[in-house]
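Here are a few notes to read alongside the structure. Take the points in order, and keep the 3D view open as you go.

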Amino acid sequence: MDVTWQDVSVRIAGATLVERLNLSASSGEVVGLVGPNGSGKSTALRCLYRALHPTTGTVLLDGTELNSIPLAESARSVAALTQESRTELDFTVAEVVALGRFPHLRGNRSLSGAEWELCRESMRRTDVEHLARRSVLSLSGGERQRVLIARALVQEPQVLVLDEPTNHLDVRHQVELLSFLRGCGLTVLVALHDLNLAAAACDRLAVLSGGSVVRTGKPVEVLEPELVREVFGVTPSIVPHPRTGAPQLLYDLTDREGME
Ligand SMILES: Nc1ncnc2c1ncn2[C@@H]1O[C@H](COP(=O)(O)OP(=O)(O)OP(=O)(O)O)[C@@H](O)[C@H]1O
């Protein structure tokens with residue numbers, strides 16, 4: 001499923017959060033949104049999972065305006081893992097994951113055997129099956145994050161939206177999650193702060209600054225010293241990964257001039 005932001009601006013209480021943002025992702029493409037704090041990444045993603053309406057401009061799913069699609073229908077197509085995707089309720093892990101089927105249920109129908117198997121499969125993929133009977137409230141931050149990813153997967157979406165999904169994850173689970181995103185075949189829009197992981201995981205990066213996209217392209221085209229300096233205010237050494245060639249940023253913490 002293709003996703004397009006067309007001239008999207010978001011203004012709230014006199015503040016401009018996003019300004020004429022244009023960006024698209026083709027079916028099956030992994031697009032990373034990167035940019036400094038406050039550059040509009042979460043706001044842009046919110047417009048896609050319909051937590052916000054653009055003030056002007058529009059978001060399109062396969063060429064159809066999101067606004068014209070019934071909420072229940074877009075909820076089946078677009079799954080989101082966001083900073084707000086928390087649950088404060090005392091549910092078990094298996095129950096929270098099963099909630100991901102909610103957009104597909106009609107009336108009081110309970111989950112079918114195949115749907116429970118899908119839940120188990122998602123929990124296996126995110127390495128939380130052994131936690132199935134635990135209360136989500138008793139989990140560590142990283143475990144809870146993986147449960148929420150399993151919940152997004154059982155939704156069987158065509159578009160996956162993730163806002164800083166590696167928060168709280170240890171390095172093994174960061175690598176596992178991002179390599180899963182690379183190979184999942186879904187259209188993925190993911191906001192990431194770690195530029196090295198973004199370069200390794202994404203087909204394309206969109207660099208946001210001041211609420212607009214200032215550059216898009218393959219990681220190797222985008223992560224150039226000049227742009228990184230201008231947008232992020234640091235001057236790292238940028239070297240190709242010895243095996244994949246993906247650009248990797250190295251920071252010298254003793255180089256005071258490298259930070260602005
Ligand atoms: N409800 C709101 N009212 C006014 N300003 C807001 C509101 N929500 C967000 N903002 C501002 O809009 C700007 C963009 O915020 P947004 O959360 O989209 O940035 P971000 O790139 O995701 O940042 P971060 O990397 O820190 O998560 C920020 O300056 C933020 O303070």
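1. Let's begin with one pair of residues: G32 faces L205, which lies in β9. Please keep in mind from the start that this is a predicted model.

2. Now widen the view to the strands around that pair. Strand β3, residues 30-34, pairs with strand β9, residues 204-209, in the parallel sense, and four bridges link them.

3. Which strand does β9 join through five bridges? The partner is β10, residues 212-217, and β9 and β10 run antiparallel. Within this pairing, V207 stands opposite R215 in β10. So that you can compare the two cases on screen, look at the parallel pairing of β3 with β9 and then at the antiparallel pairing of β9 with β10.

4. The turn between β9 and β10 deserves a look too. Two residues lie between the strands of this hairpin, and G210 takes a positive phi near 55° there.

5. Next, find the ligand. Which residues are around it? Going along the chain, they are I12, A13, A15, L17, G35, N37, G38, S39, G40, K41, S42 and T43.

6. It helps to ask which elements supply this shell. β2 (15-25) and α1 (41-48) each provide at least two of its residues. The most comes from α1, which gives three residues.

7. What mix of classes does the shell have? Seven of its residues are polar, four are nonpolar and one is charged.

8. Step back to the chain as a whole. You can count nine helices and 12 strands in the chain. Its C-alpha trace spans about 60 × 40 × 35 Å along the principal axes.

9. Does the chain's radius of gyration agree or disagree with that of a compact globule? For 260 residues, such a globule would have a value near 18 Å, and the chain has 19 Å, so the two agree.

10. Two percentages add to the picture. Of the 260 residues in the chain, 38% count as buried. Among contacts between residues at least 6 apart in sequence, 65% join residues at least 24 apart.

11. Finally, a word on the predictor's confidence. The mean pLDDT of the chain is 92, and 97% of its residues reach 70 or more. For the complex, the predictor gives an ipTM of 0.96 and a pTM of 0.91.

Key
Residues are numbered from 1 along each chain as its sequence is written. This is a predicted model: local features need pLDDT of at least 70, side-chain atom pairs count only at pLDDT 80 or more; totals for chains, interfaces and linings use all residues. A residue is near a molecule or strand if its C-beta atom, placed from the backbone, lies within 6 Å of it. Ala, Val, Leu, Ile, Met, Phe, Trp, Tyr, Cys and Pro count as nonpolar, Asp, Glu, Lys and Arg as charged, and the others, Gly among them, as polar. The radius of gyration is taken over C-alpha atoms; the globule rule is 2.2 Å times the number of residues to the power 0.38. A residue is buried if 20 or more other C-beta atoms lie within 10 Å of its own, exposed if 12 or fewer, and partly exposed in between; C-beta atoms are placed from the backbone. Two residues are in contact if their C-beta atoms, placed from the backbone, lie within 7 Å. pLDDT is the predictor's confidence in each residue, from 0 to 100.
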